[in-house]
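Biologist: Can you walk me through the salt bridges here? Keep it quick.

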Amino acid sequence: MKASKIAYKPVGFALGALSGMIAGAVFQQTWKLIEGEGDAPDAHDEDRSWRQILLAAAVQGAIFSLVNACLL
């Protein structure tokens, strides 16, 4: 195995963790702007409508993909 591949693994893990943390923070702020609520619904939230759950999932996926593409 090449040294560059071995060196990339820890860097890749660190960047992946960093991008996840950034995406989570951006999503929380974005959700506050969209719905005016502090916490976003998860897939098993019985108190929220399907519209809110699907919107949250779509926005979260889009933000994660964007941040991941920019950092990695």
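Modeller: What follows is a short look at the salt bridges. This is a predicted model, where local features need pLDDT of at least 70, side-chain atom pairs count only at pLDDT 80 or more, and totals for chains, interfaces and linings use all residues. Residues are numbered from 1 along each chain as its sequence is written, and side-chain values use heavy atoms, with hydrogens and water left out.

Biologist: How many salt bridges are there?

Modeller: The count is 3. The rule is a side-chain nitrogen of Lys or Arg within 4 Å of a carboxyl oxygen of Asp or Glu.

Biologist: What does arginine 51 pair with?

Modeller: Glutamate 35. Their closest N and O atoms are 3.3 Å apart. Arginine 51 is in helix α2 (residues 50–71) and glutamate 35 is in helix α1 (residues 3–35), so the bridge ties together parts 16 residues apart in sequence. Helices here are DSSP runs of H or I, at least four residues, numbered from the N terminus.

Biologist: Is arginine 51 buried or exposed?

Modeller: Exposed, at 54% relative accessible area. Glutamate 35 is partly exposed, at 22%. Buried means under 20%, exposed over 50%, partly exposed in between (1.4 Å probe, protein chains only).

Biologist: Switching topic. Which residues does arginine 48 bridge to?

Modeller: Arg48 joins Asp39 and Asp45 in one network, through salt bridges that share partners. For aspartate 39, the closest N and O atoms are 3.3 Å apart. For aspartate 45, the N to O distance is 3.8 Å.

Biologist: And how accessible is arginine 48?

Modeller: Arginine 48 is buried, at 16% relative accessibility. Aspartate 45 is buried too. Aspartate 39 is partly exposed, at 49%.

Technical notes
Helices (H or I, at least four residues) and strands (E, at least two) are DSSP runs, numbered from the N terminus.
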